[in-house]
There are 2 protein chains.
Amino acid sequence: MFSEMDTPAVLVDLDIAEANIARFQEHCDAHGLKLRPHIKTHKLPMLAKRQIEAGAVGITCQKISEAEAMISEGGIDDVLITYNIVGSQKLSRLRALAQKVRLSVVADNTTTISGLSATFAQAATPLCVLVECDTGGKRCGVTTPLAAAKLATEINEMAGIKFGGLMTYPPVGQEAAVQAWLSEAKALIEAKGIAVPVISNGGSPGMWQAHDVPMATEYRIGTYVYNDRSLQERGVCTWDDCALSVLVTVISVPTNDRAVFDAGTKVLTSDLLGLDGHGHVLGCPDIKVAGLSEEHGILTAEVINLKVGDRLRIIPNHVCVVSNMVDEVQLIRGDTALGAHPVVARGKVC
Amino acid sequence: MFSEMDTPAVLVDLDIAEANIARFQEHCDAHGLKLRPHIKTHKLPMLAKRQIEAGAVGITCQKISEAEAMISEGGIDDVLITYNIVGSQKLSRLRALAQKVRLSVVADNTTTISGLSATFAQAATPLCVLVECDTGGKRCGVTTPLAAAKLATEINEMAGIKFGGLMTYPPVGQEAAVQAWLSEAKALIEAKGIAVPVISNGGSPGMWQAHDVPMATEYRIGTYVYNDRSLQERGVCTWDDCALSVLVTVISVPTNDRAVFDAGTKVLTSDLLGLDGHGHVLGCPDIKVAGLSEEHGILTAEVINLKVGDRLRIIPNHVCVVSNMVDEVQLIRGDTALGAHPVVARGKVC
């Protein structure tokens with residue numbers, strides 16, 4: 001299996017990725033939702049461009065350095081950074097970025113919007129700022145619709161920035177509650193005479209229920225481009241929809257119920273996402289990825305039936321962190337290897 | 001705090017790292033143990049050279065690509081790769097590496113040593129191969145002393161390779177059992193008229209008990225150079241001995257018992273190593289790193305008492321995987337920033 005490749009290798013099947021892109025774009029089109037893919041999963045400008053070509057309105061990034069990397073090759077001109085941008089270094093880079101693309105950010109506090117305002121006060125065009133709303137995810141976000149309305153008003157009263165709408169990373173399976181939260185916030189803001197042009201919702205686990213928050217105007221989603229074991233276990237995709245796998249080699253079979261392969265947490269990571277085990281061995285449902293150390297993976301089965309030198313493909317628990325571990329992925333289409341491709345935005349955490 | 005640095009930044013305090021290197025070198029010297037540091041923790045040729053200068057006999061690597069990266073700058077001429085090397089691509093690279101440094105590898109099976117033998121059959125010098133022994137760690141390794149003796153004999157009967165001794169990654173706190181296992185294997189091998197020049201033991205959790213396996217001739221150890229929360233919790237080091245920390249910025253304080261900072265699993269990783277929480281906030285023992293998503297860290301406390309823009313330093317649970325997440329670390333000495341330094345062997349998994 002891809003015998004010319006050294007292992008471990010992170011394989012990306014473009015046929016599957018393109019089908020994943022097309023399928024969810026169709027779903028969004030059918031429900032009148034704009035799609036704004038999150039590039040954190042693939043970190044490849046090449047795939048971001050395909051998402052745009054398929055109909056996406058722009059991309060989502062978490063960090064400025066991701067956005068800088070994604071626009072380095074051109075073809076991407078609309079970026080939402082779903083992050084409170086804080087600190088003079090980042091604000092300077094944000095200002096530079098805004099001169100290259102149509103840019104929006106989010107904020108959930110006055111300190112952040114004050115920094116944005118000071119940075120963009122002299123800009124030709126005000127920076128578009130969405131209010132991040134905590135609709136139950138308990139990460140960032142204002143915690144009440146009233147606080148959302150207050151921050152929206154503050155944004156519109158400051159120089160250099162303008163209120164762009166509401167954004168949330170919602171709790172899974174709580175569509176009705178999310179709709180209610182956002183509706184209340186929107187009504188409060190509109191009652192102040194402020195328009196709410198964008199309602200940005202997101203998340204791969206709830207992707208096929210995206211339309212159950214009908215007031216959302218756009219949907220942000222990352223994992224769907226590759227899919228992974230966490231989404232398969234939730235019933236969101238099948239193994240055949242998983243575009244990314246890790247090609248590994250068995251390097252030791254110490255006992256008849258245990259084998260060891262040549263990838264560990266430095267490729268597959270320790271992400272469990274609530275699952276038992278560290279991945280799915282394609283074609284071997286009876287084998288468990290029972291443990292990982294940094295460079296070793298442990299397989300167990302009643303009878304392991306593997307030999308040193310065997311090659312396997314593993315679907316990771318969480319694909320977004322795996323593509324970030326390697327400097328390059330190996331592109332494939334089915335059984336055809338297309339060559340290595342740099343993960344341009346890998347490690348861009350600032 | 002290092003206000004000129006963008007965050008998140010991985011800081012390495014050279015004063016502390018050098019003290020850690022010196023202290024364990026003294027321990028090994030006092031007990032007649034050779035020290036062979038594992039470079040997986042720092043992945044920096046610069047620090048490997050300091051370990052050699054302090055008295056280490058050579059370095060340990062897990063992967064060939066790590067070794068290639070470590071010798072790229074010179075000054076390192078003795079490398080043990082503690083891995084079964086399998087596959088034609090890797091064997092070719094191993095042969096090239098052996099022409100540049102004094103090289104040893106380990107093996108636990110006949111397929112591996114057959115590949116090594118075929119590769120080195122025409123070499124001027126035979127490749128030194130240690131037998132990896134599973135003394136209770138249940139990863140790689142032959143599982144009985146008798147199997148170790150059998151593999152040692154096979155190695156010495158093959159062209160191009162020679163038996164170099166025994167290697168184990170031991171279970172923690174089982175020094176007497178490890179000593180007994182290795183003693184039995186050594187006696188069986190010597191009874192066949194084969195010398196056992198090296199007994200290589202290792203592991204940071206048991207570092208201060210290294211001498212309790214008195215038959216070991218050398219000790220391999222990685223984490224000790226930086227230390228981390230897992231070793232502090234085990235009583236192996238103090239917070240003052242932790243050389244690596246992650247500088248982060250608070251970007252959101254949604255409630256009075258929760259704050260969010262700008263690093264997640266893409267810097268700190270999901271490694272728990274059995275611990276509760278995802279790191280230790282230096283100087284803030286009442287604050288818990290309660291959760292991580294990819295680019296966000298969640299802090300909780302009864303009263304969080306932080307504001308947006310505050311900077312914190314976090315000691316990771318597991319330092320070896322954190323330095324591997326970033327393309328460069330920021331070197332410091334106390335409060336003095338020395339500049340960025342590339343993590344040369346980052347992502348070298350083949």
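**Burial, strand pairing and helix packing in the two-chain model**

With 24 C-beta neighbours inside 10 Å, Leu231(A) counts as buried, since the threshold for that class is 20 or more other C-beta atoms within this distance. The model in which this count was made is a predicted one. Leu231(A) belongs to helix H8 of chain A, which comprises residues 229-233. When neighbours within four places in sequence are left aside, the contacts of Leu231(A) are with Ser204(A), Pro205(A), Thr223(A), Val236(A) and Cys237(A). A further spatial relation links Leu231(A) to Val319(A): the two residues are separated by 88 residues in sequence, while their C-alpha atoms lie 9.9 Å apart in space.

A contrasting environment is found at Gly173(A), which is situated in the loop between strand S7 (161-167) and helix H7 (175-191) of chain A. Gly173(A) has 13 other C-beta atoms within 10 Å and is accordingly classed as partly exposed, a class that lies between the limit of 12 or fewer for exposed residues and that of 20 or more for buried ones. The C-alpha atoms of Gly173(A) and Asp212(A) are 9.8 Å apart, although 39 residues separate the two in sequence.

Strand S1 of chain A, formed by residues 9-13, is largely enclosed by the rest of the structure, because four of its five residues are buried. Two pairings of this strand can be described. With S10(A), strand S1(A) pairs in the antiparallel sense over four bridges, and within this pairing Val10(A) is placed opposite Val246(A). With strand S16 of chain A (residues 328-333), S1(A) pairs in the parallel sense over three bridges, Val12(A) having Leu331(A) as its bridge partner.

Strand S10(A), the antiparallel partner of S1(A), also takes part in the association of the two chains. In the interface, 50 residues of chain A are in contact with 50 residues of chain B. On the side of chain A that touches chain B, at least two residues each are supplied by helix H4 (88-98), helix H5 (110-120), strand S10 (244-255), helix H9 (265-268) and helix H10 (319-322). Of these elements, S10(A) gives the most, with six residues. By class, the residues on this side of chain A comprise 17 nonpolar, 21 polar and twelve charged.

Two of the elements that contribute to this side of chain A, H4(A) and H5(A), also pack against each other. Their axes are 10 Å apart and meet at an angle of about 50°, and the two helices are therefore oblique to each other. The crossing of H4(A) and H5(A) is right-handed. The contact is made by Leu91(A), Leu94(A) and Arg95(A) on the side of H4(A), and by Gly115(A), Thr119(A) and Phe120(A) on the side of H5(A). The residues of this contact divide into three nonpolar, two polar and one charged.

In chain B, helix H6 (residues 145-157) and helix H7 (residues 175-191) pack at an angle of about 40°, with 8 Å between their axes. H6(B) and H7(B) are therefore likewise classed as oblique to each other, and their crossing is right-handed. From H6(B), the contact involves Pro145(B), Leu146(B), Ala148(B), Ala149(B) and Ala152(B), and from H7(B) it involves Trp181(B), Glu184(B), Ala185(B), Leu188(B) and Ile189(B). The contact of H6(B) with H7(B) has nine nonpolar residues, no polar residues and one charged residue.

Chain B also contains an open sheet of eight strands with parallel pairing, in the order S2-S9-S8-S7-S6-S5-S4-S3. Strand S2 (34-37) and strand S3 (59-61) of chain B form the edges, each of them pairing on one side only. Neighbouring strands of this sheet are turned by 30° against each other on average, direction ignored. Within the order given, strand S5 (residues 102-107) and strand S6 (residues 127-132) of chain B pair in the parallel sense over four bridges, and Ala107(B) stands opposite Val131(B) of S6(B).

An antiparallel arrangement in chain B is provided by strand S16 (residues 328-333) and strand S17 (residues 336-342), which pair over six bridges. In this pairing Val329(B) is opposite His341(B) of S17(B). S16(B) and S17(B) form a hairpin with two residues between them, and Gly334(B) in the turn has a positive phi of about 60°.

Conventions. Residues numbered from 1 in each chain as written. Chains lettered and ligands numbered in written order. Predicted model: local features only at pLDDT ≥ 70, side-chain atom pairs only at ≥ 80, totals over all residues. Contact = placed C-beta atoms within 7 Å. Nonpolar A, V, L, I, M, F, W, Y, C, P; charged D, E, K, R; others polar. Pairing = 2+ DSSP bridges. Axes fitted to C-alpha atoms, helices over the stretch in contact; angles between N-to-C directions. Parallel < 35°, antiparallel > 145°, perpendicular 65-115°, else oblique. Left-handed = near helix turned anticlockwise from the far one by under 90°.
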